[in-house]
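Okay, thanks everyone for coming. I'll put the structure up and then talk you through a few parts of it.

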Protein chains: 2
Amino acid sequence: MFAEILTIGDELTRGEIVDTNSSWLAAQLWDRDVTVRWMTSCRDDVGDLTRALRDAAGRADVVLCSGGLGPTEDDLTVDVVASLVGVAPVVHEPSRVKMESLFASRGGAQGAALAVIQLRQVRVPAGATVYGNSAGLAPGFEVQVAGVPVMCFPGVPREVHAIFADHVVPRLAAFRDANAPRIARRVYRAFGRGESQLSQVCRGLVDGVEGASIHYQVKFPEVLIKLVVRDADAEAAAARLAALDGGLRGRLGPTLYGTGDDALPDVTIAELRAAGLKVATAESCTGGMIGQLLTAVPGASSVYVGGAICYADAEKTRQLGVRPETIAEHGAVSEACVREMALGARARFGVDRAVAVSGIAGPDGGAPGKPVGLVWLACAREDGEVVTKELKWPGARDMVRLLAAWWAIALLRGPHV
Amino acid sequence: MFAEILTIGDELTRGEIVDTNSSWLAAQLWDRDVTVRWMTSCRDDVGDLTRALRDAAGRADVVLCSGGLGPTEDDLTVDVVASLVGVAPVVHEPSRVKMESLFASRGGAQGAALAVIQLRQVRVPAGATVYGNSAGLAPGFEVQVAGVPVMCFPGVPREVHAIFADHVVPRLAAFRDANAPRIARRVYRAFGRGESQLSQVCRGLVDGVEGASIHYQVKFPEVLIKLVVRDADAEAAAARLAALDGGLRGRLGPTLYGTGDDALPDVTIAELRAAGLKVATAESCTGGMIGQLLTAVPGASSVYVGGAICYADAEKTRQLGVRPETIAEHGAVSEACVREMALGARARFGVDRAVAVSGIAGPDGGAPGKPVGLVWLACAREDGEVVTKELKWPGARDMVRLLAAWWAIALLRGPHV
């Protein structure tokens with residue numbers, strides 16, 4: 001089954017925004033065994049949009065189309081699709097009522113004035129299957145163009161995600177031929193080993209398991225492992241997937257931190273909260289990135305107390321009590337220094353666990369024996385133990401920093417990665 | 001003049017990576033008065049790639065094509081383009097020599113073994129104009145397909161950028177008809193006012209100036225102002241642009257922080273370094289983001305000493321000396337609190353300027369009189385003055401934090417935004 005994704009808007013073809021809807025939709029489709037063959041972006045232009053829709057319907061089994069459903073004269077999707085199908089655009093009453101009540105709640109006169117213009121965005125081609133938009137005002141819809149289903153969404157990513165989950169997922173399931181294989185799948189998220197090491201670790205896992213396959217995707221600095229089982233019977237597929245789950249978890253060990261849409265900072269905050277642990281950070285080369293990643297999680301304040309950014313060496317001494325002799329003897333990028341940073345942070349912040357990072361992110365600052373990309377980490381734990389870790393990753397400054405920040409969070413989570 | 005952008009690779013159509021090359025190229029072309037009409041992505045497939053190239057050459061004046069120039073069997077661009085043009089792929093000797101010397105420098109045996117496979121990526125269609133790749137191994141090239149120039153680049157963004165600057169920019173200039181208008185343009189970057197306020201401020205600036213126009217682009221949290229002058233004569237266009245420059249700068253005032261590719265953290269670090277000033281940060285709701293943005297700039301250590309992340313209120317007292325009575329009386333998100341945070345950070349870090357932030361990033365934590373999105377900032381300066389700023393921006397958590405971090409950096413730069 002082949003799909004084509006079409007995204008519409010001058011802001012795309014002028015390069016003003018990066019099109020993230022196409023890749024998001026493509027990943028969703030790929031996970032459901034639908035192969036995206038073409039992704040096209042075009043301007044807000046009747047002729048171009050008509051051609052793009054005709055071409056797409058002529059070469060794909062399903063077309064997913066995002067953008068051009070707003071209230072302005074630039075938003076042409078409803079009109080062009082209606083014209084291709086040979087119907088008129090009509091107002092979708094439930095969406096109009098929803099919009100009117102929203103505007104009324106914002107205050108009368110302005111609401112009424114807006115509604116005249118805004119009516120454009122609650123139109124659909126007559127006879128279309130309407131996809132209610134739980135995240136916004138403009139409804140999505142589906143029509144048949146030359147016998148091919150064309151599904152249209154607004155351009156706002158969160159509205160695309162909502163309509164996809166609410167309407168497209170069940171539609172895609174319905175498209176499947178009764179005899180087509182059912183697919184059970186799960187995404188495992190691993191951090192701390194490279195793709196080749198992980199594929200080595202998982203070698204043979206699915207051998208002899210009918211319809212099972214395993215796939216790897218690098219998403220720096222983590223790796224996604226996708227386990228897939230196909231079977232004519234959905235329950236049989238799910239059962240074989242479930243039977244593989246324990247083995248895969250065992251092989252991945254502590255590198256596995258989550259499944260599905262889990263994110264390392266969120267998982268870490270949740271686990272630390274459940275364990276009743278408080279944490280702090282001591283950052284040199286990451287310059288605040290660890291704290292920023294942890295506090296991006298809503299509710300992080302129940303776990304994260306604060307941090308010391310010690311970019312200058314003297315600050316490592318003032319804020320964390322690192323002995324000047326340690327820095328003089330071993331350098332600021334050393335196991336001895338991060339050990340004292342972590343112990344100092346744990347004591348001064350009065351927390352259960354504190355993590356410390358010091359490294360050379362580059363592009364300058366390397367020295368003989370201390371190359372760019374060298375990073376030392378330490379985690380001082382509630383039992384008094386200090387776990388240390390050395391990284392040597394000869395990459396760009398932003399990647400060295402990101403990798404170091406992820407390792408710091410992994411060490412806060414548990415020492416044994 | 002119409003362009004089509006074509007990006008190639010299964011990793012795109014599977015949604016494994018977001019295509020940033022298309023929007024980058026589109027923005028570059030738009031700035032040079034070339035309108036991108038279509039952007040297409042397709043799989044690593046001979047048939048699809050052939051069709052995409054034929055369609056593109058059939059409807060555009062120039063085609064820019066990224067991806068599929070690597071060493072693996074999946075990399076098909078050279079072969080498909082050569083076949084379309086009716087020539088054979090040939091090894092580009094200068095690129096081969098460059099690759100061999102690189103591999104030799106990495107060590108003999110492995111180098112020699114690699115070279116056999118890697119030769120694929122230094123091939124071009126026979127007779128093509130070769131674009132040397134100053135940022136990587138695989139050369140770009142240009143051929144004519146049905147009379148239309150087709151320019152091919154590798155898929156790695158920094159290689160696309162290098163080849164575009166080195167080869168495509170002069171080529172695009174050469175394409176211009178002798179009678180076509182020359183364009184002088186400059187991008188001004190502003191932070192601290194919204195698009196509508198800035199367009200108000202700039203109203204009338206270009207009135208009566210022949211061929212001049214002004215455009216706005218929101219790139220949260222900043223706004224780009226693009227000044228464009230068209231004239232048959234390039235020097236006349238440049239002269240009229242230069243004559244408008246002072247007026248625009250005057251109107252934008254301190255909201256203008258840079259031009260072209262400037263970035264606020266880089267500009268700020270450079271200005272503070274030139275002024276011989278040292279700075280520190282005191283962060284609550286941004287959780288380290290200000291430090292992270294400043295230390296993303298290589299060489300930030302000559303200006304940035306460090307920071308205190310005081311996520312818990314007690315840490316505002318311990319690390320910065322904020323009086324508990326201040327927090328009890330005014331709350332942690334208050335002018336009084338950030339003032340004490342900034343003064344405490346300036347004194348304890350021993351710096352010239354210190355900036356402090358405390359706010360409610362949401363989604364929870366709002367209270368009557370203190371809604372989600374309320375942020376207080378203070379900057380304690382070398383003259384003893386403390387500048388404060390209140391933000392009320394009812395957006396998502398990540399946007400509130402980003403806006404607050406930018407304002408903090410703007411305050412470190414100068415107080416009068």
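I'll go from the two chains to the cores, then a helix, then some strands. Keep in mind that this is a predicted model.

So, how do the two copies sit relative to each other? Chain A can be laid on chain B with an RMSD of 0.3 Å, using a turn of 180° and a shift of 0.2 Å along the axis. The two copies are therefore related as by a two-fold rotation axis. And what about the surface they meet through? Of the interface residues of chain A, 100% are also interface residues in chain B, so the copies meet through the same surface.

Now the cores. The largest nonpolar core has 146 residues, and the members touching the most others are A342 and L377, in chain A and again in chain B. Let's stop at L377(A). Leaving out residues up to four places away in sequence, L377(A) touches ten-odd places you can click through, including V338(A), V355(A), A356(A) and V357(A), and also A404(A), W407(A), A408(A) and L411(A). There's a second, separate core too, with 96 residues, including I5(A) and L172(A) along with A52(B) and A162(B).

Next, over in chain B, helix α15, residues 397–413. With 17 residues at 1.5 Å a residue, α15(B) should span 24 Å, and the end C-alpha atoms are 25 Å apart, which agrees. Is α15(B) enclosed or open? Well, 14 of its 17 residues are buried, so α15(B) is largely enclosed by the rest of the structure.

On to strands, back in chain A. There's an open sheet of four, in the order β10-β11-β9-β12, with antiparallel pairing. β10 (212–219) and β12 (256–259) of chain A stand at the edges with a single partner strand each, so one side of each has no neighbour in the sheet. From one strand to the next, the twist averages 25°. If you zoom in on β10(A) and β11(A), residues 222–231, you'll find eight bridges between them. For a landmark, look for Q217(A), which stands opposite L224(A).

Last stop, a few strands earlier in chain A. β6(A), residues 129–131, pairs antiparallel with β7(A), residues 140–145, over three bridges, and T129(A) stands opposite E142(A) there. β7(A) also runs antiparallel to β8(A), residues 148–153, with five bridges joining the two. In that pair Q144(A) stands opposite P149(A). The hairpin of β7(A) and β8(A) has two residues between the strands, and A146(A) takes a positive phi near 50°.

That's my tour, happy to go back to any of it.

Definitions and conventions
Residues are numbered from 1 along each chain as its sequence is written. Chains are lettered from A and ligands numbered from 1 in the order in which they are written. This is a predicted model: local features need pLDDT of at least 70, side-chain atom pairs count only at pLDDT 80 or more; totals for chains, interfaces and linings use all residues. The expected span of a helix is 1.5 Å times one less than its number of residues. A residue is buried if 20 or more other C-beta atoms lie within 10 Å of its own, exposed if 12 or fewer, and partly exposed in between; C-beta atoms are placed from the backbone. Two strands pair if DSSP finds at least two bridges between them. Axes are lines fitted to C-alpha atoms, for helices over the stretch in contact, and angles run from 0 to 180 degrees between N-to-C directions. Copies are superposed by least squares on the C-alpha atoms of residues with pLDDT of at least 70 in both. Two residues are in contact if their C-beta atoms, placed from the backbone, lie within 7 Å. A nonpolar core is a set of buried Ala, Val, Leu, Ile, Met, Phe, Trp, Tyr and Cys residues joined through C-beta atoms within 7 Å.
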